[in-house]
Every structure is written in C-alpha cells, then in structure tokens.
Amino acid sequence: MNKTTKTDGDSHLVEVAVASSRVWQGKLLDVWRDKVRLPDGRSATREYIRHPGAVVIIALDAHNRVVMERQYRHPVGAVVEELPAGKLDAGEDPLTCAQRELQEETGYTAKQWRLLGSFWPCVGYSNEVIHVVLAIEIVPGAARLDEGEFLEVFLLPVAELIARAERGQLRDGKSLAALCLARPHLLGG
C-alpha cells in the first residue's frame, strides 16, 4: 500500500487499519474503504484510491529545451500542458517505465537517465507515488500512441517552463512537483 515505516515517536498520530474492503475496481485504479482505529482508540472510516504508481519525465535536449505535451484531460475539462508521464505496470522499475513512456508518447529516447526522487500527489485520498525521472541527450523518433490517445508534443525552453510555472500557467501538479525536484539540474544547476 506504499505506506512508510512509522517510528515510535509517531505512535500518537498513527491510525491502524482493522478492516479493509474494495468498493470499486477500475482499469486504472481501485477505490477502498478501511475501518481504522484512531490513536485515541475510537474508530473511523477512510476511503481512498489505490493506484499502481507512475513516472513523470523531464526530457532535455542539447538546447536546454524540455519535451512537453498538450492533451485533453477529461476530469478538468481542459487541454493541459504537461510533462510526459505514465502509469507503472505491475512490478515495473520506474526507469524502465520512464523509458517506455517517453518513447511511446513522444518518440524521444535518451542517452542518460536519472531518478531524481518521488512524491505522493494526493495523500488525503490516494496512495499513488510518482517518480521523477530526468532524461538528457534526447534523440527524436516516432511516437507509438496507445489507441484512443491524442496529444501534441512540443519543445519548450527551460526558462519559459519556469516562467509559466511562476505565472500560474503551468497548472498540472505532477509537472510542477517534477520541476521543483529537477530545478537544481536545470539551467546549469
């Protein structure tokens, strides 16, 4: 369930699951309802999404431009500019997933890969973890989009990506978080 190890010093905060049931099973995610024992001994219900995890990729070319995508995102009803990303397959290594997703969605491959870190995007209602991967020395190629996947790929200078984030024009959470983790590696450190 992607839960971290708790230390003895956290026992006054920890909830313990005493019962768990899947409420709904989907193609991408599952919804669960747990009965938990609170630190004070009372009971509560927690509903949350179990997600297999994902990667987000910051792919840089030799001119310090980042590979970006534009695609329609149904939950928000808008075309969104975002970094390439994708869902982990069961047991898949994040670097392997990043290499696959970048090539499938954008056609790009890279000569160097580095895992920068990971984050939980929605700790209040999901166990999803997103791994941030830096791809450098990218090489263009042909994309292999999944059936029903429609997106545009473009290159954006790092300085403009940062400026868009600072102006509130980059609104995708995973892209913003990835930019924060990657910033020391961008614009010459």
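**Close-up of cysteine 97, a buried residue.** In this predicted model, cysteine 97 has a relative accessibility of 0% and therefore counts as buried. The structure holds zero disulfides, and cysteine 97 is accordingly in none, with the nearest cysteine sulfur, that of cysteine 122, lying 18 Å away.

**Close-up of cysteine 122, a partly exposed residue.** The relative accessible area of cysteine 122 is 24%, so this residue is classed as partly exposed. The closest cysteine sulfur to that of cysteine 122 belongs to cysteine 180 and is 15 Å away, which is too far for a bond. A disulfide is a covalent bond between the sulfur atoms of two cysteines.

**Close-up of the open sheet formed by three strands.** The strands follow the order β1-β2-β3, and their pairing is antiparallel. Because β1 (16-25) and β3 (43-50) stand at the edges, each with a single partner strand, one side of each is left without a neighbour in the sheet. Direction ignored, neighbouring strands of this sheet are turned against each other by 20° on average.

**Close-up of the pairing between β1 and β2.** Strand β2 (residues 30-37) runs antiparallel to β1, and eight bridges join the two. Within this pairing, arginine 22 stands opposite tryptophan 32 of β2.

**Close-up of the ring of tryptophan 32 with arginine 50.** The charged end of arginine 50 sits over the ring of tryptophan 32, at 3.6 Å from the centre of that ring. As for pairs between aromatic rings, the count comes to zero when ring centres must lie within 6.5 Å of each other.

Definitions and conventions. Residues are numbered from 1 along each chain as its sequence is written. This is a predicted model: local features need pLDDT of at least 70, side-chain atom pairs count only at pLDDT 80 or more; totals for chains, interfaces and linings use all residues. Side-chain values use heavy atoms; hydrogens and water are left out. Rings of Phe, Tyr and Trp (its six-membered ring) pair if their centres lie within 6.5 Å; planes under 30 degrees apart count as stacked, over 60 as edge-to-face and the rest as tilted. A charge sits over a ring if NZ of Lys or CZ of Arg is within 6 Å of the ring centre and within 35 degrees of the ring normal. Two strands pair if DSSP finds at least two bridges between them. Helices (H or I, at least four residues) and strands (E, at least two) are DSSP runs, numbered from the N terminus. Axes are lines fitted to C-alpha atoms, for helices over the stretch in contact, and angles run from 0 to 180 degrees between N-to-C directions. A disulfide is a pair of cysteine sulfur atoms within 2.5 Å. Buried means under 20% relative accessible area, exposed over 50%, partly exposed in between (1.4 Å probe, protein chains only).
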